[in-house]
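Please look through the structure shown here with an eye to its charged side chains, and to where in the chain their partners come from.

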Amino acid sequence: MSSPTALVTGASGGIGRAIAARLSQDGCRMIEPARVELDLSSLASVATYVSRFSTPVDVLVNCAGVNRLASGADVSDADLGDTLATNLIGPVSLCRALAPRMVKRGFGRIVNISSIWSVVSKPGRLAYSISKAGLNALTRSLAVELARFNVLVNAVAPGFVDTALTRQNNSPDEIEAIRRSIPMERLAKPEEIAEVVAFLCSDRNTYITGQTIPVDGGFTCL
């Protein structure tokens, strides 16, 4: 398909920015909503935003997310609700609005940005892990419903990625410990995540659907 239109949430930085840049390089017409335009934690905001589209969206990448660290005993109702709303319910709402239009055109690609913490976990990740595991389930469910219409749905689960946020939240010593814990002995570059996403979003992907693909340097193999 020539010049598809791609909507990427969370494109203002890190992995999302790299994905948007890579899809643009592939010739996609980009839609990159800021949070003031599209608040994923608000169903009304999602509905209002989608209602404005005058052109079809061929590719949807759900990348925006929040990660509020707290144990199961300590997570607040507000943080739990906001995490699930932003990371899971918002993407569900976007898929629900845009997938039927893809079905009508007989082409669509949806990629949900999950996380290794959807398949393994660590202390303080309860809300985040639940939300990302739900995103994997959304991926599988939509994939089996939409496959016969040439709408392919997959998830990419990044491991540790060298972004400004990672370096902000971890000291140099912590970054070094993370590096040593990864079989490839380095963090991923955002562009490496984007490369996988770009393939899954393209018409070069003709048969992969319903998969959650870790891009983690072998971390989850340990």
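Across the whole of this predicted model, a search finds eleven salt bridges. Side chains of opposite charge can pair when their charged atoms come close.

One of these pairs is formed by Asp-58 and Arg-105, whose side chains meet with a distance of 3.5 Å from N to O. Asp-58 belongs to the loop between helix H2 (43-51) and strand E3 (59-62), while Arg-105 belongs to helix H3 (residues 77-105), so the salt bridge ties together parts that are 47 residues apart in sequence. Asp-58 is buried, because its relative accessible area of 7% falls under the 20% cut-off, whereas Arg-105, at 33% relative accessibility, is partly exposed.

Helix H3 also carries Asp-82, which forms a salt bridge with Arg-68, where the closest N and O atoms are 2.8 Å apart. Since Arg-68 sits in the loop between E3 and H3, this pair ties together parts that are 14 residues apart in sequence. Here Asp-82 is buried, with a relative accessible area of 15%, and Arg-68 counts as partly exposed at 30%.

Another pair lies within a single helix: Glu-176 and Arg-179 are both in helix H6 (residues 172-181), three residues apart, which is about one turn of the helix. Their side chains meet in a salt bridge at 2.6 Å, N to O. Glu-176 is partly exposed at 29% relative accessibility, and Arg-179 is partly exposed at 26%.

Finally, salt bridges can be followed beyond a single pair in this model, for Arg-22, Asp-26, Glu-195 and Arg-204 are linked in a network of them.

Note on methods
Residues numbered from 1 in each chain as written. Predicted model: local features only at pLDDT ≥ 70, side-chain atom pairs only at ≥ 80, totals over all residues. Heavy atoms only, no water. Salt bridge = Lys/Arg side-chain N within 4 Å of Asp/Glu carboxyl O. Helix = DSSP H or I, 4+ residues; strand = E, 2+ residues; numbered from the N terminus. Buried < 20%, exposed > 50% of the residue type's maximum accessible area, 1.4 Å probe, protein only.
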